[in-house]
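Subject: Structure handover

Dear colleague,

Here is the structure I said I would pass on. Please look it over alongside the notes underneath.

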Amino acid sequence: MTGKAHGASILGLAFGAFLASTALTPVSAQTAAPGPSLSKEAMEASGKIYFQRCAGCHGVLRKGATGKNLEPQNSAKLGQDRLEKIIALGTEGGMVNFDDILTKQEIKDVATYIQLPPQVPPEWGMKDMLASWKNIVPVDKRPTKQMNAYNLKNVFSVTLRDAGEVALIDGDTKQILSRVKTGYAVHISRLSASGRYIYVIGRDGLLSLIDLWMEKPAVVAEMKSGLDARSVDVSKFKGFEDKYAIAGSYWPPQYVIMEGDTLKPLKVVSTRGVTVDGEYHPEPRVASIVASVTKPEWVVNIKETGLIQLVDYSDIKNLKTTTIESAKFLHDGGWDASKRYFLVAANASNKVAVVDTKEGKLAALVDTAKIPHPGRGANFTHPKFGPVWATGHLGADVISLIGTDPEKNKDSAWKVVQELKTHGAGNLFVKTHPKSKNLWADAPQNPEKDVAESVAVYDLNDLTKKPEIINIAKLSGLPESKAIKRAVHPEYDETGTEVWISLWAGKTEPSAIVVMDDATRKVKKVITDPNMITPTGKFNVNNTQHDVY
Ligand code: DHE
């Protein structure tokens, strides 16, 4: 079974169960009344497409988040023709075009589907999780020391998005060490506090635990943590290293705490509830999760409620949670250089929320340009404003620099102190390294091919200089094609001297990882392979383990 088929079947099963359990009126009955209707087959197919392609931004219940509310009272107003056009061509508001991914008939059916009442997927609780849990290599059968000769600190876990796999690549030799089957449309990798285990979460909620100490690193445990998920982290506080893991779900809206070395589920906590505006929300999804090193806590960001939870894992039977009000549609974020403050984008509110994890309080809500999207952001010391954290934007062609030192640089703290002009909107990730004097920014969501295939590089010694714009696709030597090869997710190696950039092409086209020399900004190596299918995120073991960015 290919990775693609493997992933699709897992999601298909979940979705089949969801469709079978839905309390919706049978479609044939709906056709009796005038208005939009679909055959049973078209309904199922459109439901799958919606769940896989649309729910991430619009929500399973279509209440809206980064994307617009698509409940029937709103979508029906737009009407079939307008909806088909929007799905096919996208909008200036950030909706991408699907005319190169879906057939005309699929677009037509999805346009109809979103005018019908949303289907409610089933819940996924402790029983389901335990039934899905596979302790493939029990802890006492695992190696007691590293059994391979790899320089593990410089290994990269690379998301092969549409293959449902990660590739483990040796950062020193640039060789693919192994490809590991994981969940559908894999999202992120995170490292255990010890650096021994990699945790990989798929969009289908399948969490895979990879043991880097094995002669050939492989999956030693897996567990389906939800039906739709994006985030995972581990316990990093002293005394709790590798003890617990936590995975957040989009559906059902909840998080699960697990044993760190086996993934056995221990506790499930729902995030349904009332938003910062005081209104009940049935689908407050878990966005980013990050582990503190100064307290036994996770920072759990709940997208739709705009609430940030500090979850204290020192006693999970008597779980204590501090709930911090911020702004709605929390998404991704990272630590400041001191690792006391966590900065998270409330993206559809055009704000960055700053949490003081020492005090357990909101430090600030910073207004930014449109739709901040930091990934984990980038930290460096600005010649004028002191320590700053940088975020790019999906909706604006700037990088915002936010001052992060309220002690010594009080006037700059929690303000956008400078905006750096980029080569275009549609940025997803920015990156630097403590040993580097460069800041790299991508723009993969920009509709212009040339912009999406390029990165901007800033000289941190002189931020008055224009950035150098480098077309990574042209440098890669991959065959020219009409389709966009999106340059995405710059990631440093352990030493901070190389920057790895994915060229994310279509499923059937050649993709690559281009390794740039940070000092000269020239190509050092292009990593290609027939199995390098849709590489996106890359997670260097050392930098991810120690939150270096
Ligand atoms: Fe991501 C991080 C959600 C689409 C690549 N993405 C995250 C996080 C969230 C999230 C909540 C933070 C996790 C954490 O830190 O715990 N992403 C979503 C979506 O909801 C969205 C918009 C739509 C969807 O349906 O999934 C989405 N993401 C994408 C992509 O299309 C990307 C570009 C390609 C891909 O592989 O799917 C993508 N997201 C990433 C990456 C990170 C990420 C590489 C981790 C960045 C890092 O450096 O930590």
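The notes below go through the metal site, the cysteines, a helix contact, some backbone details and a few single residues.

Please keep in mind throughout that this is a predicted model.

Metal site

The iron atom of the ligand has one protein donor only, the NE2 atom of His187, at 2.1 Å. His187 sits in the loop that runs between strand S3 (176-181) and strand S4 (188-191).

Strand S3, which comes before that loop, also holds Leu177. Leu177 is buried, its relative accessible area being 16%. Beyond its neighbours within four places in sequence, Leu177 is in contact with Tyr150, Val155, Leu168, Ile169, Asp170 and Lys216. Gly195 is 18 residues from Leu177 along the chain, and the two C-alpha atoms are separated by 17 Å.

Cysteines

How many disulfides does the count come to? The count is zero, with a disulfide taken as a pair of cysteine sulfur atoms within 2.5 Å. For Cys54, the closest cysteine sulfur belongs to Cys57 and lies 8.9 Å away, so the two are too far apart for a bond. Seen from Cys57, the closest cysteine sulfur is that of Cys54, again at 8.9 Å and too far for a bond. As for exposure, Cys54 is buried at 15% relative accessibility, whereas Cys57 is partly exposed, with a relative accessible area of 40%.

Helices H3 and H5

How do the axes of H3 and H5 cross, and at roughly what angle? Helix H3 (residues 40-58) and helix H5 (residues 104-113) have axes that come within 9 Å and cross at roughly 85°. H3 is therefore roughly perpendicular to H5. By class, the contact of H3 with H5 has six nonpolar, two polar and two charged residues. On the H3 side the residues are Ala42, Met43, Ser46, Gly47, Ile49 and Tyr50, and they meet Glu106, Asp109, Val110 and Tyr113 of H5.

The buried residues of H5 are Ile107, Asp109, Val110, Ala111, Thr112 and Tyr113. They pack against H3 and also against helix H4 (72-89).

Ser46 is worth a separate entry. Is Ser46, in helix H3, buried or exposed? Ser46 is buried, with a relative accessible area of 2%. Apart from neighbours within four places in sequence, Ser46 is in contact with Leu38 as well as with Asp109, Val110 and Tyr113. Asp109, Val110 and Tyr113 are among the H5 residues that H3 meets, and they are also among the buried residues of H5. Gln309 is 263 residues from Ser46 along the chain, with 35 Å between their C-alpha atoms.

Backbone details

Which two residues are joined by a cis peptide bond? They are Trp251 and Pro252, with omega at about -15°. Pro252 belongs to the loop between strand S9 (244-251) and strand S10 (254-259).

Two residues other than glycine have a positive phi, and they are listed here with their surroundings.

- Phe329 has a phi of about 70°. It is in the loop between strand S17 (320-325) and strand S18 (330-335), and counts as buried at 17% relative accessibility.
- Trp414 has a phi near 55°. It is in the loop between strand S24 (398-403) and strand S25 (416-421), and is buried with a relative accessible area of 14%.

Ala348 and its contacts

Phe329 comes up again as a contact of Ala348. Leaving out neighbours within four places in sequence, Ala348 is in contact with Phe329, Ala65 and Thr66. Ala348 lies in the loop between strand S19 (341-346) and strand S20 (351-356). At 37% relative accessibility, Ala348 counts as partly exposed, while Phe329 counts as buried. Leu310 is 38 residues from Ala348 along the chain, and their C-alpha atoms are separated by 22 Å.

When you open the file, the places to look at are the iron donor His187, the crossing of H3 and H5, the cis peptide bond between Trp251 and Pro252, and the positive phi values of Phe329 and Trp414.

Regards

Conventions:
Residues are numbered from 1 along each chain as its sequence is written. This is a predicted model: local features need pLDDT of at least 70, side-chain atom pairs count only at pLDDT 80 or more; totals for chains, interfaces and linings use all residues. Side-chain values use heavy atoms; hydrogens and water are left out. Buried means under 20% relative accessible area, exposed over 50%, partly exposed in between (1.4 Å probe, protein chains only). Donors are N, O and S atoms within 2.8 Å of the metal (3.2 Å for Na, K and Ca); water is not among the atoms, so sites may look incomplete. Helices (H or I, at least four residues) and strands (E, at least two) are DSSP runs, numbered from the N terminus. Axes are lines fitted to C-alpha atoms, for helices over the stretch in contact, and angles run from 0 to 180 degrees between N-to-C directions. Angles under 35 degrees count as roughly parallel, over 145 as roughly antiparallel, 65 to 115 as roughly perpendicular and the rest as oblique. Contact means heavy atoms within 4.5 Å. Ala, Val, Leu, Ile, Met, Phe, Trp, Tyr, Cys and Pro count as nonpolar, Asp, Glu, Lys and Arg as charged, and the others, Gly among them, as polar.
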